[in-house]
Amino acid sequence: MTDGVYEGLRVLDISTGVAGPMTTMMLADNGADVTRIEGPGIDPFREQTGARVWNRGKRSAVIDLNSTEGRAAFDALVASADIVVESLSRDAVARLGVDHPTMSAANPRLITCSISGYGPLRAMRDRPAYDALVAARTGLFHDQKGRRGTPMEYIAGRPGPHDDFDAPEQMIRGADRSGPVFVRTPWPSVGATYLAGLGIAAALRAREVTGRGQHVETSLLQGALASVCLNWQRVERPDAPLYWMWPLDSRSIEGLFECADGRWVHHWTVRPNWVLTTAAGDEIHHVDLEGPYRDDPDRVSMEADGLLTGLFLHDDLAAAFKKFPAAEWVQAGERAKMGVALVRSPAEALSDEAFLADGCVVEVDDPDVGRIRHVGSVLEFSATPGGVRGPAPRFGQHTGEVLAEAAAEGRRDSASAAAPAATKPLDHPLSGIRVLDLGLGVAGPFTGRALADLGADVIKVHALHDGYWAGTHMGLGTNRGKRSISVDLKRPEGRAILDQLVASADVVTTNWRPGAAARLGLDWDTLHARHPRLVWCNTRGFEKGPRSGLPGTDQTAAALTGTEWEDGGVDAGNPPIWSRSNMGDTGNALLAAIAIVGALYHRERTGEGQAVSTSIVNAGLLHTSYAWVHADGTPSAWGHVDKDQYGLSTWYRMYRCADERWLVVAALHPPEQRALLDIVLAGSSTLDTSAEDVAASLLEERFVQEPADHWFALLDPHVPVEVVNESFCRELFDDADARDAQLVVETRSTAVGRFEDPGLLINFDTTPGIVQRGPSACGEHTRELLIELGRTDAEIDALVADRVVLVAAER
């Protein structure tokens with residue numbers, strides 16, 4: 001065990017639910033002393049399987065904040081704390097006095113992080129903050145299988161290309177029904193976890209500069225927006241060349257195929273020629289295709305014609321995969337360097353010895369259930385490695401020692417101990433930081449977008465041929481807020497330009513395959529020798545192991561780590577689902593951003609740079625971290641969605657109503673469950689709440705007799721409930737509160753004109769984030785940046801003429 005990047009920090013965790021404990025888990029994994037302050041009452045989240053994972057390495061103290069003695073002890077702990085994380089309602093925050101102004105009065109270096117339901121959206125801020133309810137109100141359940149025509153077309157009120165074509169009848173994903181589907185992954189909380197972790201890291205870096213703490217806030221709403229931020233866009237010219245892509249369309253083939261043994265694989269990106277040639281005989285034929293995907297003449301284009309190609313080829317591809325067992329397809333993919341991954345359950349993922357050797361899965365000795373496996377530390381640091389420090393504590397295990405610490409702290413002069421140590425002004429959390437973004441696809445460049453929103457000067461280094469990807473909705477979304485230089489790194493003159501940029505940078509970030517950076521002299525050892533203060537990040541698709549050289553994607557990681565299995569309800573007999581709100585790529589990118597900002601915090605304190613990393617499978621394992629298995633592979637009972645994908649239980653699920661709309665209930669407490677039965681069944685049932693199956697059937701029969709708004713009006717005063725709002729993504733862009741709070745922002749793009757998308761998803765009260773500019777076109781700032789590096793216009797013109805660089809306006 002070595003010191004983590006947050007070693008020496010004291011964290012008080014008074015959160016409940018999912019996002020708060022997951023956030024503080026990452027702090028504990030990386031050295032922070034995290035103490036959970038737990039109330040004496042019943043917390044239904046304490047019993048969920050994920051709590052045994054998310055509370056690992058922490059202390060647990062039972063302290064009643066409603067009592068005089070308990071509040072005095074908590075105040076004493078706050079006086080010496082660095083961070084407090086809470087997820088309470090506004091009323092509870094006010095009643096308990098755990099707001100930032102109150103707590104920071106005696107400790108001005110304190111950072112408080114609030115994870116609420118709806119954050120700055122005033123009209124919703126008092127709505128109940130459960131994942132299912134936020135997913136209902138935001139319509140996120142409609143995004144799981146994709147929206148017909150893509151979300152961008154739905155938002156624009158258009159049908160999208162080829163509206164007269166439907167998906168093949170045999171192409172079923174998850175439950176075989178129309179309408180919204182409930183998935184196992186709590187995407188709002190997952191997104192909020194990433195945002196809270198990044199916000200805390202940024203506030204720590206800011207504190208090293210300013211000497212003062214601040215209030216950081218995010219929410220399940222902002223987490224939901226993070227999960228779809230590249231999908232929910234509204235642009236001035238949606239028919240611009242390159243912009244529309246089919247993978248988000250519900251009719252598209254996303255590469256999920258059933259094999260001869262009944263197991264599923266995810267093949268991405270889809271290479272029809274390779275699949276059909278490989279399966280042409282009675283035995284699987286190992287075929288290698290030359291060249292990258294974009295150069296394959298038989299590839300399925302991402303544009304509108306590719307949608308039709310996929311629809312027409314689907315049955316042939318499905319028949320090809322059905323000829324051979326999944327293991328043979330995975331082996332064929334490995335030999336050909338194609339993306340073919342077995343769709344596995346979380347239990348299979350946690351039993352993967354390659355994951356265990358890498359450290360993305362760990363074994364710990366739990367005091368209650370013995371030796372278990374679960375997700376490991378998802379952030380990697382070369383100088384401050386950190387790691388999982390032990391199992392989750394028993395409830396109240398450390399109460400005595402924490403109260404003794406509070407008593408000792410109460411005798412100290414906390415005012416002098418908390419005095420600020422620095423007073424430099426800072427406009428934004430990463431003001432003064434320059435980032436060189438060499439990332440590819442989504443997983444790489446989205447890291448730069450996250451850092452740009454924190455105020456960093458992010459320079460995107462594009463290849464000369466990157467104009468295609470940069471013009472797509474994914475390329476535009478990932479490159480918002482940056483400046484772009486387009487340069488040929490294979491030319492000596494181009495490499496000289498890159499060397500100058502590296503010398504001016506604080507951070508270099510990539511997501512290249514093993515060996516690629518070294519071939520260009522951009523590996524950690526080479527750059528660290530020249531620039532010892534540099535923070536260097538290279539993320540991966542997979543673990544460090546046998547899969548390292550394979551093409552890693554959002555889809556293959558979701559298959560390997562259990563996300564697709566659980567989200568589709570495979571245990572109930574369904575096909576898997578690749579959720580269109582899946583955060584494999586973007587989760588990898590946000591983990592990388594958290595690690596980078598953590599390394600910058602470390603550098604502010606020590607002057608030392610370091611290498612950081614993570615992977616898409618790390619993100620996938622975090623998404624299924626509600627799951628753990630015994631050391632022999634026996635899974636814990638983490639709960640699965642039902643075959644119809646209505647929900648997780650009678651009390652936490654969606655119900656169809658008379659108007660074909662859906663109502664979602666979250667009755668987690670016995671009084672709420674009793675109220676649900678009494679109101680919906682009109683007092684005609686004395687059914688005990690323990691008879692869940694019978695209760696669910698009776699509720700289903702009754703809900704379909706009245707419209708959703710009728711039930712909402714009756715239940716809302718007594719039971720946490722929401723109506724699924726399919727059109728929320730449309731309404732959001734014209735919501736005055738959302739625009740004022742910068743939940744959505746409007747910028748400009750040379751490709752599509754006006755560009756609107758989700759904006760600032762983390763709120764800071766003293767060093768706010770900033771959307772600096774719209775999406776950068778390939779080479780849009782080449783001349784500007786070369787002038788900053790000392791080149792003259794004549795020299796730049798010569799570089800353009802010689803095809804060393806590209807200037808967008810001169811293409």
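**Close-up 1. A hairpin links strands E11 and E12.** In this predicted model, three residues carry the chain from E11 over to E12. E11 covers residues 361-366 and E12 covers residues 370-375. The two strands run antiparallel and are held in register by six bridges. To spot one of these pairs, look for Asp366, whose bridge partner in E12 is Gly370.

**Close-up 2. E12 also pairs with strand E20.** Strand E20 is made of residues 629-630. Its pairing with E12 is antiparallel too, this time over two bridges. Find Ile372 and you'll see His630 of E20 standing opposite.

**Close-up 3. Three strands make an open sheet.** Read across the sheet and the order is E7-E26-E25, with antiparallel pairing. Which strands sit at the edges? They are E7 (234-235) and E25 (744-749), and each of them pairs on one side only. Between E25 and E26 (residues 753-758) you can count six bridges. One pair to look for is Thr747 with its bridge partner in E26, Phe755.

**Close-up 4. Here's Ser114 and its surroundings.** Ser114 belongs to strand E5, which spans residues 111-116. Is Ser114 buried or exposed? It counts as buried, because its relative accessibility is 9% and the cut-off for buried is under 20%. Its side chain makes a polar contact with the side chain of Glu86, at 2.5 Å. Skip the neighbours within four places in sequence, and Ser114 is in contact with Glu86, His215, Val216, Glu217 and Thr218.

How values were computed: Residues numbered from 1 in each chain as written. Predicted model: local features only at pLDDT ≥ 70, side-chain atom pairs only at ≥ 80, totals over all residues. Heavy atoms only, no water. Pairing = 2+ DSSP bridges. Helix = DSSP H or I, 4+ residues; strand = E, 2+ residues; numbered from the N terminus. Buried < 20%, exposed > 50% of the residue type's maximum accessible area, 1.4 Å probe, protein only. Polar contact = N/O pair within 3.5 Å; in protein donor to acceptor, adjacent residues only side chain to side chain. Contact = heavy atoms within 4.5 Å.
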